[in-house]
Amino acid sequence: MMARKVQRPSQTIENYLGVIYTLSRDGETVIGRKLADWLEVSPPTVTATLQRMIRDGWVTMSDDKSIRLTQGGREAATSVIRRHMLTELLLARILGVPWSKVHEEADRMAHGVSAEIADRVADAVKHPRVCPHGNPMPGHEEITEPLVPLLEAEPGVEYVLARIHEELERKPELMAYLERHCLLPGATIVLVEIMEYNDTVTVYCGGHDVVLGLSVAGKVWVRDKGSPMGQGAVAPGVMGDVQPRLQAQ
Ligand SMILES: [Zn+2]
């Protein structure tokens with residue numbers, strides 16, 4: 001009668017695992033202070049939680065205080081990120097939740113999603129390789145390789161907005177600002193001007209100029225309009241993954 005139960009860490013530990021996974025994916029050295037920044041908790045809280053995570057075998061800490069996922073930690077992190085992204089896709093594509101709100105909502109919901117429901121959601125949204133923000137599903141990191149950092153785009157040239165990093169997803173006001181100005185994956189975007197002395201970047205998108213902070217623009221990627229992936233770009237509202245359109249052609 002008892003269903004097979006997979007041991008899942010607590011919600012707090014899942015949040016930590018997700019951030020450690022994302023930072024490691026980006027090649028960053030994971031240290032407590034970065035986790036405190038991302039998770040918006042105090043350094044002593046991070047230290048205490050990390051001690052528990054080491055004790056329970058999710059992570060290891062080296063002499064230089066850098067943190068690494070164990071095999072079990074990696075599996076649990078992959079699971080939570082996948083559930084989070086699939087929940088975002090469910091909310092955006094099927095329930096029609098505004099793009100700027102899906103990260104926040106998924107943050108609350110994803111912890112309770114079972115493996116079976118996650119698989120059903122994956123089928124329903126047709127197994128995308130990226131979340132609605134263009135960030136790669138675990139195991140599909142290579143999809144981001146051909147992307148061009150917005151700050152390295154050629155001014156005056158049309159690109160397709162492709163990816164808005166997880167670090168920005170966590171800022172609801174910024175997400176609402178981007179959505180209001182049509183800065184969504186799939187939108188056509190032109191780099192107008194980088195003003196380093198002003199810490200701002202101006203882009204042209206959705207019929208008008210939009211000003212971004214330099215640090216925000218540094219977390220945005222575009223792709224060539226002429227590239228095969230660019231041709232398959234989805235319109236804002238469909239969002240996220242270019243693959244279904246490509247396969248349909
Ligand atoms: Zn996302």
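1. Let me start with burial: 36% of the chain's 249 residues count as buried (20 or more other C-beta atoms within 10 Å of the residue's own, against 12 or fewer for exposed and in between for partly exposed, with C-beta atoms placed from the backbone). Please keep in mind that this is a predicted model, where local features need pLDDT of at least 70, side-chain atom pairs count only at pLDDT 80 or more, and totals for chains, interfaces and linings use all residues. Residues are numbered from 1 along each chain as its sequence is written.

2. On the overall make-up, the chain holds 11 helices and 8 strands (DSSP runs numbered from the N terminus: H or I of at least four residues for helices, E of at least two for strands). Of the contacts between residues at least 6 apart in sequence, 62% join residues at least 24 apart (a contact has C-beta atoms, placed from the backbone, within 7 Å).

3. Strand β6, residues 200-205, is a nice place to look. V201, V203 and C205 make up its covered face, while T200, T202 and Y204 lie on the uncovered one.

4. On one side, β6 pairs with β5 (residues 188-195) in the antiparallel sense over 6 bridges; pairing requires at least two DSSP bridges between strands. I189 stands opposite C205 here. This hairpin has 4 residues between its strands, and D199 takes a positive phi near 55 degrees.

5. β6 also runs antiparallel to β7 (residues 208-213), joined to that strand by 6 bridges. C205 faces H208 of β7 in this pairing. The β6 and β7 hairpin has 2 residues between the strands, with G206 in the turn at a positive phi of about 60 degrees.

Key:
Contact = placed C-beta atoms within 7 Å.
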